[in-house]
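Hello,

Here is the structure I promised to pass on to you. Have a look at it first, and then read on for what turned up in it.

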Amino acid sequence: MASLSSKIKEYLKANSITEVDFFSDVLLQDDSDGNGPYIKEWNIEGVAKPTDAQLDTYDTAADLEERQNAVRATRKAAYGSIADQLDMQYKDKLNGTTTWDDHVAAVKSANPIPTE
């Protein structure tokens, strides 16, 4: 199940809003009664505050986005620093090798982006 913030992002994306600030646009709060997070404050003009039922319709898309973001973060760490990658490319050019291409392909192969 996707997080409330991810479902809100998907809801807003469906309403042509691509950026949301969870410190000013939408404030979330987690109740101490165990019911989980909820929208405490909605400051998005032109888009109605969604109901829980509306947000639940975005759970699948939000879950997929969260899983894709997790893979992207794993890939980013596995690629190494930009300096290391540039060094690989420089050495490949000097030596006629494909170390960097092979490294990128291995990282992508080991960490495929989910599509569903």
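A residue counts as buried under 20% relative accessible area, as exposed over 50%, and as partly exposed in between. Glutamine 54, in helix α2, has a relative accessible area of 35%, so this residue is partly exposed. The same three words come back below, so it helps to have the cut-offs at hand.

Please keep in mind that this is a predicted model. Its mean pLDDT is 96, and 100% of the residues reach 70 or more. Among the elements, strand β1 (residues 26-30) has the lowest mean pLDDT, at 95, while helix α5 (residues 99-110) has the highest, at 98.

**Salt bridges**

How many salt bridges does the structure hold? There are 5, and three of them are described here, beginning with lysine 7 and aspartate 56.

The side chains of lysine 7 and aspartate 56 meet with N and O 3.4 Å apart. Lysine 7 belongs to helix α1 (residues 4-14) and aspartate 56 to helix α2 (residues 52-56), so this pair ties together parts that are 49 residues apart in sequence. Is each partner buried or exposed? Lysine 7 has a relative accessible area of 6% and is therefore buried, whereas aspartate 56, with 44%, is partly exposed. Glutamine 54 can be placed relative to lysine 7 too: the two are 47 residues apart in sequence, and their C-alpha atoms are 9.4 Å apart in space.

Another salt bridge joins aspartate 63 and arginine 67, at 3.1 Å from N to O. Both residues lie in helix α3 (residues 59-79), 4 residues apart, which is about one turn of the helix. Aspartate 63 is partly exposed at 23% relative accessibility, and arginine 67 is partly exposed at 33%.

Aspartate 87 and lysine 91 form a salt bridge as well, with their closest N and O atoms 3.1 Å apart. These two are in helix α4 (residues 82-95) and, being 4 residues apart, are separated by about one helical turn. Aspartate 87 comes out as partly exposed at 35% relative accessibility, and lysine 91 as partly exposed at 43%. Why does such a spacing suit two side chains in a helix? An α-helix has 3.6 residues a turn, so residues three or four places apart point the same way.

**Helix α3 and arginine 75**

Helix α3 has 21 residues, which at 1.5 Å a residue should span 30 Å; the C-alpha atoms at its ends are 30 Å apart, so the two values agree. Its buried residues are Asp59, Ala62, Leu64, Gln68, Val71, Arg75 and Tyr79. What covers them? The cover includes α1, α2, α4 and α5. After α3 comes glycine 80, whose phi is positive, near 90°.

One of those buried residues deserves a second look. Arginine 75, in α3, is buried yet has no salt bridge, and the nearest side chain of opposite charge, glutamate 65, is 13 Å away. What does the side chain of arginine 75 reach instead? It reaches the backbone oxygen of asparagine 111, at 2.9 Å. Leaving aside neighbours within four places in sequence, arginine 75 is in contact with Val107, Lys108, Asn111, Pro112 and Ile113.

**Leucine 12 and lysine 49**

Leucine 12 is part of helix α1. At 1% relative accessibility, leucine 12 counts as buried. Not counting residues up to four places away in sequence, leucine 12 touches Ile17, Val20, Trp42, Ile44 and Val47. Between leucine 12 and lysine 49 there are 9.9 Å from C-alpha to C-alpha, although the two are 37 residues apart in sequence.

Lysine 49 sits in the loop between β2 (37-42) and α2, and counts as partly exposed at 46% relative accessibility. A polar atom of the side chain of lysine 49 lies 3.5 Å from the backbone oxygen of isoleucine 39. With residues up to four places away in sequence not counted, lysine 49 touches Tyr11, Ile39, Trp42 and Gln54. Trp42 thus appears among the contacts of leucine 12 and among those of lysine 49. Alanine 110, by contrast, is 61 residues from lysine 49 in sequence and 40 Å away in space, C-alpha to C-alpha.

Happy exploring, and best wishes

Notes: Residues numbered from 1 in each chain as written. Predicted model: local features only at pLDDT ≥ 70, side-chain atom pairs only at ≥ 80, totals over all residues. Heavy atoms only, no water. Salt bridge = Lys/Arg side-chain N within 4 Å of Asp/Glu carboxyl O. Buried < 20%, exposed > 50% of the residue type's maximum accessible area, 1.4 Å probe, protein only. pLDDT = per-residue confidence, 0-100. Expected span 1.5 Å × (residues − 1). Contact = heavy atoms within 4.5 Å. Lys, Arg positive; Asp, Glu negative; His and termini not counted. Polar contact = N/O pair within 3.5 Å; in protein donor to acceptor, adjacent residues only side chain to side chain.
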